[in-house]
Amino acid sequence: MLPSAARQTELLYFVRQDCGSCHGLRLEGGLGVPLTAAALKGKPAESLRDTILYGRSGTTMPPWNPFLTEAEAGWIVQMLQKGLP
Amino acid sequence: MRRYLILPLLIALFSLAGCAATLPQRGTGDLGVVIERATGSIQVVGTTNRTRLGQITGLGDLSHASVNYSRDERYAYVFGRDGGLTKVDLLEMRIVKRVIQSGNSIGGAISQDGRFVAASNYTPGGVRIFNAETLDLVADIPSADRAGKSSKVVGLVDAPGNRFVFSLFEAGEIWVADMSAPSGLAVTKFEHIGKDPYDAMITADGRYYLAGLFGEDGLALLDMWNMEAGVKRVLNGYGKGEQQLPVYKMPHLEGWAATGNELLVPAVGRHEVLVIGMNNWKEVGRIPVHGQPVFVVARPDNRQVWVNFALPHNDTVQVIDVPSRTIIKTLKPGKAVLHMEFTPRGEQVWISVRDEDRVEVYDTGTFAKIKELPASKPSGIFFTPRAHRTGL
């Protein structure tokens with residue numbers, strides 16, 4: 001199920017600003033890896049979604065499941081792979 | 001009598017206006033910069049009247065931007081995430097020069113003598129050192145370890161002796177670049193200092209360089225007065241371990257509060273501020289706080305320490321009374337408090353509240369809010385007295 005329009009706006013802001021703290025406001029990378037459409041091309045959406053939800057142990061990527069549902073994380077992956085508006 | 005006073009006053013006003021048309025006649029010791037991170041702009045602000053004096057645009061991606069100042073406090077060097085290094089004239093309110101010095105930058109520093117500015121980079125890694133006057137490249141220090149693998153560089157600071165000190169995230173090393181060496185540059189490397197140093201600070205006297213480790217417990221300590229002793233591991237209970245929580249924002253170590261013989265530091269992944277004794281580098285106390293601390297900064301008199309927090313507690317600021325180690329005030333400035341900066345002698349503090357698009361100014365004695373200033377997604381606030389502080 002798609003997040004509501006209002007929630008979509010919130011999520012896009014969240015990705016830019018809060019993911020952007022480590023991945024860069026332009027998502028070109030920083031302490032975290034680049035999240036541009038080019039960088040994520042060909043990567044399986046499901047594993048990207050799981051990385052968002054559960055983090056990556058041994059790295060600085062934390063689990064975001066306290067803040068995001070599975071559907072929301074999946075929608076974020078779709079948006080990232082298309083290129084964030 | 002009153003009538004006679006008017007004429008000299010008018011003359012004074014006219015002559016002031018005349019100067020303003022060319023170059024404003026004013027000092028810069030009460031100026032500062034507020035980063036507007038989403039729009040790639042900065043505001044030049046004045047702390048005496050708590051005003052916005054101007055806005056300068058065209059500085060690129062300013063997420064995680066930082067600022068250093070020339071020793072005359074006239075020029076700001078702004079380091080952007082996109083690798084841009086911009087020299088801004090605070091009096092003329094314009095960009096003097098801008099270079100794209102790397103692909104992806106994290107911070108900067110200015111040398112003790114003011115002649116060099118250094119930028120630390122994520123991509124392609126390494127430190128680049130520039131002439132502070134012209135921004136011409138003076139030295140390029142790639143961050144390749146013994147195996148030839150490049151590391152992200154973090155925790156770059158200046159140290160007495162015209163040196164720069166920085167840490168290599170992946171390699172786990174601390175390097176000291178000496179710009180006063182006869183050859184122009186000599187690099188001393190300390191290997192195996194610990195896993196994943198993520199940021200570092202140097203005490204205000206320039207003596208102790210401390211790197212926080214993300215990959216394991218403890219801190220890496222380098223005594224700049226006794227470099228032969230090498231890097232020591234201290235506080236092996238700090239950082240990870242115990243019931244560590246997910247870290248939603250890496251703590252910043254720049255503001256670590258050194259309060260005489262104690263150091264107050266953010267605990268990684270815990271709702272605590274740690275108190276470290278500087279005589280033996282052991283933990284001497286823990287102060288429970290509202291969330292995971294990001295900045296832990298001392299008021300200039302060291303009597304108070306102000307703390308902000310990572311998600312989801314980033315709408316809050318807490319004030320610790322240092323002598324009693326208790327929280328004496330909890331403020332709720334609004335969503336996404338990113339940074340705090342004290343006026344030169346600490347009677348006020350400026351706080352950036354990103355999601356509210358404003359900067360708030362508080363009295364640090366009464367905790368009353370004195371003013372709100374609009375700003376577009378403000379992050380870092382940097383006042384010019386940093387020009388004269390080692391490590392800032």
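Begin by selecting Pro312(B), which in this predicted model sits in the loop that runs between strand 25 (304-309) and strand 26 (317-321) of chain B. The peptide bond that joins Leu311(B) to Pro312(B) is cis, with an omega of about -5°. Keep Leu311(B) displayed, since the tour returns to this residue at the contact with chain A.

Next, select Thr123(B) and Pro124(B), where another cis peptide bond is found, here with omega at about 5°. Pro124(B) belongs to the loop between strand 9 (116-123) and strand 10 (127-131) of chain B. As background for these stops and the two that follow, most peptide bonds are trans, and most residues other than glycine have a negative phi.

Move on to Met93(B), a residue other than glycine whose phi is nevertheless positive, near 55°. The loop to display around Met93(B) is the one between strand 6 (84-89) and strand 7 (94-100) of chain B, and the residue is partly exposed there, with a relative accessible area of 27%. Asp357(B) also has a positive phi, of about 55°, although it is not a glycine; this residue lies in the loop between strand 29 (348-353) and strand 30 (358-363) of chain B. Asp357(B) is partly exposed as well, with a relative accessible area of 31%.

Now show both chains and turn to the contact between them, which takes 23 residues from chain B and 22 residues from chain A. The two chains bury about 1900 Å² between them, and 57% of that area is on carbon and sulfur atoms. On the side of chain B, select Arg37(B), Tyr248(B) and Leu311(B), the residues that lose the most area to chain A and that together account for 26% of what that side buries. Leu311(B) is the residue already seen in the cis peptide bond with Pro312(B).

Staying at this interface, look for the charged pairs: two salt bridges are counted between chain B and chain A. In the one formed by Asp18(A) and Arg354(B), the closest N and O atoms are 3.3 Å apart. Extending the selection to Lys335(B) and Asp355(B) brings up a network of salt bridges that links these two residues with Asp18(A) and Arg354(B). Five residue pairs are in polar contact across the interface, and the side of chain B that touches chain A is made up of 10 nonpolar, four polar and nine charged residues.

Over all chains the count of salt bridges comes to 31, and a few further examples are worth selecting. In chain A, Glu10(A) and Arg7(A) meet at 2.6 Å, N to O, and both lie in helix 1 (residues 5-23), three residues apart, which is about one turn of the helix. Glu10(A) is partly exposed at 47% relative accessibility, and Arg7(A) is partly exposed with a relative accessible area of 23%. In chain B, the side chains of Arg270(B) and Glu272(B) form a salt bridge at 3.1 Å, N to O; Arg270(B) counts as buried at 5% relative accessibility, and Glu272(B) counts as buried at 19%.

Finish with the cysteines of chain A, bearing in mind that the structure holds zero disulfides over all chains. For Cys19(A), the nearest cysteine sulfur is that of Cys22(A), 9.1 Å away, whereas a disulfide would require the sulfur atoms to be within 2.5 Å. Cys19(A) is buried, with a relative accessible area of 16%, while Cys22(A) is partly exposed, with a relative accessible area of 24%.

Definitions and conventions: Residues are numbered from 1 along each chain as its sequence is written. Chains are lettered from A and ligands numbered from 1 in the order in which they are written. This is a predicted model: local features need pLDDT of at least 70, side-chain atom pairs count only at pLDDT 80 or more; totals for chains, interfaces and linings use all residues. Side-chain values use heavy atoms; hydrogens and water are left out. Helices (H or I, at least four residues) and strands (E, at least two) are DSSP runs, numbered from the N terminus. Buried means under 20% relative accessible area, exposed over 50%, partly exposed in between (1.4 Å probe, protein chains only). Contact means heavy atoms within 4.5 Å. Buried area is the accessible area (1.4 Å probe) that two parts lose on being put together, summed over both. A salt bridge is a side-chain nitrogen of Lys or Arg within 4 Å of a carboxyl oxygen of Asp or Glu. A polar contact is a pair of N or O atoms within 3.5 Å; within protein, one must be able to donate a hydrogen and the other to accept it, and residues adjacent in sequence count only if both atoms are side-chain atoms. Ala, Val, Leu, Ile, Met, Phe, Trp, Tyr, Cys and Pro count as nonpolar, Asp, Glu, Lys and Arg as charged, and the others, Gly among them, as polar.
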